[in-house]
Amino acid sequence: MNVSDLQTVATNVVLYLALACFLVVAARNVISVFQLIVAAWVFATRIRPGKNSVELWQRYGDLALPVSVIAPAFNEELSIVNSVKALLALEYPHHEVIVVNDGSKDDTLGTLIRDFDMEACNRTQIATLQKTAILGTWRSRRYPNLLVIDKENGRKADAANAGIGFARTPLVCVIDADSIIESDGLLRAAEPFMHDNGQLMAVGGTIRIANGCEIEGGSIRKIGVAKALVPRFQIVEYLRAFLSCRVANAHTNTLMLISGAFGMFRRDALIEIGGYRHDTVGEDLELVVRIHRHMREQRRKYAIKFVPDVVCWTEAPANLAGLKGQRARWQQGALETLQRHRRMIFNPRYGRIGMIGMPQLILEDVIGPPSEILGYFVVPAAILMGVLEPIMALAFLGLTVLFGTGLSLGSLALEEVQLRRTPTARDLFRIGEAALIENFGFRQVNLLYRLRGIRSFFRSETRWEGVPRAGFGKPDL
Amino acid sequence: MIAVHILWISAAMASGMAALFGVLLFRRWREEAKARKAGHVLAAITRSYLRRVAGQLDNEASPAWTVDQRLAVVSHIRLLLRGGERDRLMQMAELDGLLRATLRKSRSWRAARRVDTIRQLQQFGSEACIARLREIFTSDRVGAVRLEAAFALASIKALPPPRETIRILGMFQRKSTRLDSALLRSSAPHYVDQLNLLLADPLPHAKRALIIDALGWSEDPSVLPTLERASRTDNPELRSAALRAAAKLGHPSAAEWVIGLLSDPVAFVRIQAVNSCAALGLRDAIPDLHRLMEDQDIWVRLRSEQALDVLEYEWPSDGLKGLVA
């Protein structure tokens, strides 16, 4: 093979790579547009839930199934009292709060015991799903619906499993330590279970970013939008993910993810499948995929639904350093899930999940991010080599930047028309501004973080990289 | 050529969305600007209605107030008023023609809009509203809307007799949900006799259990013999429903057969019996509950533990004890 042949091969490789990247990005965009249209249709035709908690309570107070809210806590000494008080104050007819102290090194347990007047009790564990030892159970003399489980340190999945094992209610709601649940969030999330005839396994809800909001006593006092750009970019991302992607996926029965920050599940379904897995960093995605797999393998009718209303607020990483670990972890978790359930991919036995849901995950999480990054290099290279027209570079940018902006603004429009949780026109403008800017740098950086997650996956890293958070109550998050 | 098309499509998509977003942003900005002025108007409308409700002279009313503004105020202050005052407020709203607009909207082609108006009609609760709600309940083409109308009627105690409700919603032709159960329960105080008559029909056990369960919400102790008979049937669903109903009725005369069912051969009936003992405060059941702490079914053991908590534990207040029960 001479130099000329090598050049021809290299040129062809670059050309085909460029075209492949182009196709992948275009396919992602077609799916996103479809999702946006479906979400707009769902919002336009949906029967809205009650406007306020009073109305919800009047309608569903007698119907709501009892719920156990499982809150894993690790080194939360400073915030645990406010968080638990906020959970106890949630508007719901019958709910129990199960705090799982996951081997905290600080005085989380002592704080709980003192502030909630707790005494040791011998609560029976119904199912042992956790891998670590339970050190004790405590109940409050003042709040009969509060239980604290003290256990050795595991990870969030292990703590949540311990809580699920102690829950006695038909429904469990698993949240993150830093989740702030809307006062009527449980009622809203439980609503689909009231219409259910026994097939509904889980319900997810929209999660919004709490950075910039005024938080007092573990509850949102005033909704706000952070001044810093990184949290604002994430608001746009969350709106896109929840209001467009998940609403559409739920409508087409292909919902693959219920966020770890807030998810309501049928307790017996979780126990039946063995709870969260401990050996993945994306346990929330893996759990939902496993529910799908389990139910379809057993040929049982089931449903997993999504409530578009905001049920929960969460603190997002305030800077790129925090974001890096989080996004890499999400990416790694998605790949681990895909690897573990690879049998489902394009397998008609798993219906829409195998034929649509899993391939979509592959497109979004396996080939999507590297293709876009690669495209930024190979498309210009192909143009320099003279095998592609310069207009192709513009078209590629159009597909990424222009389309991305359009999709983000479309999701924002959905939010404004349907939910209206952005407090003022000024805040709406600032989110819109972020939707424009995010395509020039943030989007690409995010893709690099995801590549890092792909690298961690191939190295089989099991290290949990904590996401540094500024904490609620600090100014200008 | 394709590249040019892609570029155009991308640009068109982005421009379209940007334009839509711009319109929504402008709309929000205008609404906020208006809201600052509208605050005074809404306060004036509120004062006006409160004066009229109290029977005082109102010379602040203005024909410039729109139906939407008045409806917003009425919906808000309705939550703050009680009893006769609330009824008078809704009468004023009807006199002001607010009901006309709502009734018109209830014929919208969009199911979601019809549901919104059902909720408003429920607030008014007058004869005209009940008539329209019944019309929606019987003839709307969307099941979810009919169900919503049923709930509205139930909340204003105007639900038709249970046999009609069951027929219209096709309750016995499909798997039952908690909403079906709730509707029958809300009918129970007004239609005890009709529910009893329904029990004479040849029904599947699951549907019969729904009726038995609803009888517990009748607030009428005369249903206790029916419940006791149901507690002696061969079907565990019926026995369990009878226990639930007895617990809700809270009448002590059910104690004997409720305690008897603690020895039922079916685990979920024993669980319900344990729950009922706790709800009825049957301290005579304590020895049996201790025995059930050794039951082979974990849920029977757990519920017994909880029931003993309620019956034996010294809770600081009855309120807390009630919460646990």
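Start with chain A: its radius of gyration is 23 Å, which agrees with the value near 23 Å for a compact globule of 477 residues. Keep in mind that this is a predicted model.

**Stop 1: chain A as a whole**

Show the C-alpha trace of chain A. Along its principal axes the trace spans about 85 × 50 × 45 Å. Switch to cartoon. Chain A has 14 helices and 12 strands. Colour by burial next: 51% of the 477 residues of chain A count as buried. Now turn to the contacts. Among those in chain A with a separation of 6 or more, 79% join residues 24 or more positions apart.

**Stop 2: the cores**

Select I70(A), I98(A), V172(A), C173(A) and V288(A). These residues touch the most other members of the largest nonpolar core, which has 138 residues. Apart from this core lies another, of 72 residues. To find that second core, pick M90(B), L133(B), L198(B) and L210(B), which are among its members. In soluble globular proteins, nonpolar side chains tend to be buried together.

Go back to C173(A) and zoom in. Which residues is C173(A) in contact with, leaving aside its neighbours within four places in sequence? Select V67(A), V69(A) and I70(A), then L186(A) and A189(A), then F262(A) and M264(A).

**Stop 3: where the chains meet**

Show both chains. Here 37 residues of chain B are in contact with 40 residues of chain A. On the chain B side, six elements are worth colouring. α1 (2–53), α5 (111–124), α7 (143–155), α9 (178–187), α17 (298–312) and α18 (318–324) of chain B each give two or more residues to the side that touches chain A. Which of them gives the largest share? Select α1(B): 17 residues of that side come from this helix. Then colour by class. The side of chain B that touches chain A has 28 nonpolar, three polar and six charged residues.

**Stop 4: two domains of chain B**

Hide chain A. Colour 159–246 of chain B as domain 1 and 250–325 as domain 2, following the domain assignment. The centres of the two domains, taken over C-alpha atoms, are separated by 23 Å. Their contact takes 11 residues from domain 1 of chain B and 13 residues from domain 2 of chain B.

Look at the domain 1 side. The elements that give two or more residues to the side touching domain 2 are α12 (224–231) and α13 (236–249) of chain B. α13(B) gives the most, with six residues. By class, this side of domain 1 has six nonpolar, two polar and three charged residues.

**Stop 5: down the axis of α12(B)**

Select L227(B), A230(B) and S231(B), the buried residues of α12(B). View the helix end-on. These residues cover an arc of only 100° around the axis, so they sit on the same side of α12(B). Add α11 (205–215), α13 and α14 (255–260) of chain B, against which the buried residues of α12(B) pack.

**Stop 6: a loop residue**

Finish at A158(B), in the loop between α7 and α8 (162–169) of chain B. Is A158(B) buried or partly exposed? A158(B) has 18 C-beta neighbours inside 10 Å, so it counts as partly exposed. Leaving aside neighbours within four places in sequence, A158(B) is in contact with I130(B) and L153(B). Last, draw a distance from A158(B) to S187(B). The two are 29 residues apart in sequence and 8.9 Å apart in space, C-alpha to C-alpha.

How values were computed: Residues are numbered from 1 along each chain as its sequence is written. Chains are lettered from A and ligands numbered from 1 in the order in which they are written. This is a predicted model: local features need pLDDT of at least 70, side-chain atom pairs count only at pLDDT 80 or more; totals for chains, interfaces and linings use all residues. A nonpolar core is a set of buried Ala, Val, Leu, Ile, Met, Phe, Trp, Tyr and Cys residues joined through C-beta atoms within 7 Å. A residue is buried if 20 or more other C-beta atoms lie within 10 Å of its own, exposed if 12 or fewer, and partly exposed in between; C-beta atoms are placed from the backbone. Two residues are in contact if their C-beta atoms, placed from the backbone, lie within 7 Å. Domain bounds come from an automatic or database domain assignment. Helices (H or I, at least four residues) and strands (E, at least two) are DSSP runs, numbered from the N terminus. Ala, Val, Leu, Ile, Met, Phe, Trp, Tyr, Cys and Pro count as nonpolar, Asp, Glu, Lys and Arg as charged, and the others, Gly among them, as polar. The radius of gyration is taken over C-alpha atoms; the globule rule is 2.2 Å times the number of residues to the power 0.38. The arc is that of the directions from the helix axis to the C-beta atoms.
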